[in-house]
Amino acid sequence: MSNPSSSWVAQFNPGDRVEIRPRDVGFCGSWYAGTVVRREAKNTNRYVVEYDQLYADESGEKLLQETLDWVQLRPPPPPPEKKVQFKFEDEVEAFYSDGWWEGAIIAEHSGGKFAVFLRGFDEQIVLEEKDLRLPVQWVKGKWEPRFEQVQREKENSNFSKEVMKFTQGMQVEVLTDEDGLKGAWFAATIIEPSGEDKYLIEYKTLRNDDDTKFLREVIRACNIRPCPPEIIVVDGFKVWGAVDAYYNEGWWVGVIAKVLINSNYEVNFIEYDEKTTFNQADLRPHQDWLNGKWVVP
């Protein structure tokens, strides 16, 4: 978006629907829906706006109004010209906590749901497709796709092939959609490709129903990732630190809720909102596989 030194300045009128980018701590990277109430003064480019879903008090009876620079406002983005097929590693804006937040898809789930890493929260959440949109920029009164979206459209086929490069015998981690196991990563070995964008894998800890051998399944490539590198934790974990906890033969994403004695920790599982106690030996720092790189929140 243009900066204040540009010769072009956006003009808004009372009643205009807008999206608002707050600058308060804790709202970085978000857009919230609102309405222009009035211009602050005749010859200024500051506006009084009212949020749709943020309130001025804890009772939730009075909507919040703020006076903001024009660069913090934009019209609501237009709907996409065609249905968006979201996929692994897409940059997105996700509707969460009453606003649109910058993030990236880190896994696909069944039923049209996606695991999204939200940068503003430093956490992973699962959202439905209807709560996602591709990022766009409002530049000098025109909507333009973000660079990531342009690259997505230009290199879609090449990008897809890039994330599918798993070879026979490769040690990986797999995200499963099985009931009771959603949100956990399990160690596995690539056996062979199995159709377009899928692989036959063999789990290293999960066994078949009669417990005679390790379970084999065909998994979509978007739910497979390399094994994360080891990170040595010297001084222990901190409260609110993102971790993976080894539980029921897999690694589950969680947050440190409480530091206990003897290197024990109370961990809150994000996917299920449950708390369980773990020793440090069964925890590792959480990492996300984004754009071919490991990212530590």
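**Cores, salt bridges and surface of a predicted model**

User: Which residues have the most contacts inside the largest nonpolar core?

Analyst: This is a predicted model, where local features need pLDDT of at least 70, side-chain atom pairs count only at pLDDT 80 or more, and totals for chains, interfaces and linings use all residues. Residues are numbered from 1 along each chain as its sequence is written, and side-chain values use heavy atoms, with hydrogens and water left out. A nonpolar core here is a set of buried Ala, Val, Leu, Ile, Met, Phe, Trp, Tyr and Cys residues joined through side-chain atoms within 4.5 Å. The largest one has 28 residues, and those with the most contacts inside it are Phe12, Phe86, Val116 and Leu132.

User: Which strand gives the largest share of this core?

Analyst: Strands (E, at least two residues) and helices (H or I, at least four) are DSSP runs, numbered from the N terminus. Several strands each supply at least two residues of the core, including E1 (17–20), E2 (30–39), E7 (99–109) and E8 (113–118). The largest share, 4 residues, comes from E3.

User: How many residues are in the other core, the one with Phe186?

Analyst: This core lies apart from the largest one. Tyr203, Ala221 and Tyr265 are among its members, alongside Phe186, and its size is 24 residues.

User: What percentage of the 297 residues count as buried?

Analyst: Buried means under 20% relative accessible area, exposed means over 50%, and partly exposed is in between (1.4 Å probe, protein chains only). As a rule, nonpolar side chains in soluble globular proteins tend to be buried together. In this protein, the buried share of the 297 residues is 40%.

User: Which residues does Phe12 contact beyond its neighbours within four places in sequence?

Analyst: Contact means heavy atoms within 4.5 Å. With those sequence neighbours set aside, Phe12 touches Val18, Val36, Arg39, Tyr47, Trp70, Leu73, Arg74, Pro75 and Trp138.

User: Why does the Lys83 and Glu129 pair tie together separate parts of the chain, and how many residues apart are they?

Analyst: A salt bridge is a side-chain nitrogen of Lys or Arg within 4 Å of a carboxyl oxygen of Asp or Glu. Lys83 and Glu129 meet in one at 2.6 Å, N to O. Lys83 sits in the loop between E5 (73–74) and E6 (91–96), and Glu129 in the loop between E9 (123–128) and E10 (132–133), so the pair ties together parts whose separation in sequence is 46 residues.

User: Is Lys83 buried or exposed?

Analyst: Its partner Glu129 is partly exposed at 26% relative accessibility. Lys83 has 60% relative accessibility, so it counts as exposed.

User: Which residue forms a salt bridge with Arg216?

Analyst: The closest N and O atoms of this pair are 2.9 Å apart, and the partner is Glu202. The two link distant parts of the chain, 14 residues apart, with Arg216 in strand E16 (residues 214–220) and its partner in strand E15 (residues 198–207). Arg216 is partly exposed at 44%, and at 23% so is the partner, Glu202.

User: Which residues make the nonpolar surface patch of about 340 Å²?

Analyst: Patches are made of residues with over 30% relative accessible area and no salt bridge: like charges are joined within 9 Å, nonpolar side chains (Val, Leu, Ile, Met, Phe, Trp, Tyr) within 5 Å. One member lies in strand E19 (residues 250–259), and this residue, Val259, is partly exposed at 44% relative accessible area. The patch is made by Val239, Trp240 and Val259.

Notes:
Accessible areas come from the Shrake-Rupley method with a 1.4 Å probe; for residues, only the protein chains shown count as cover.
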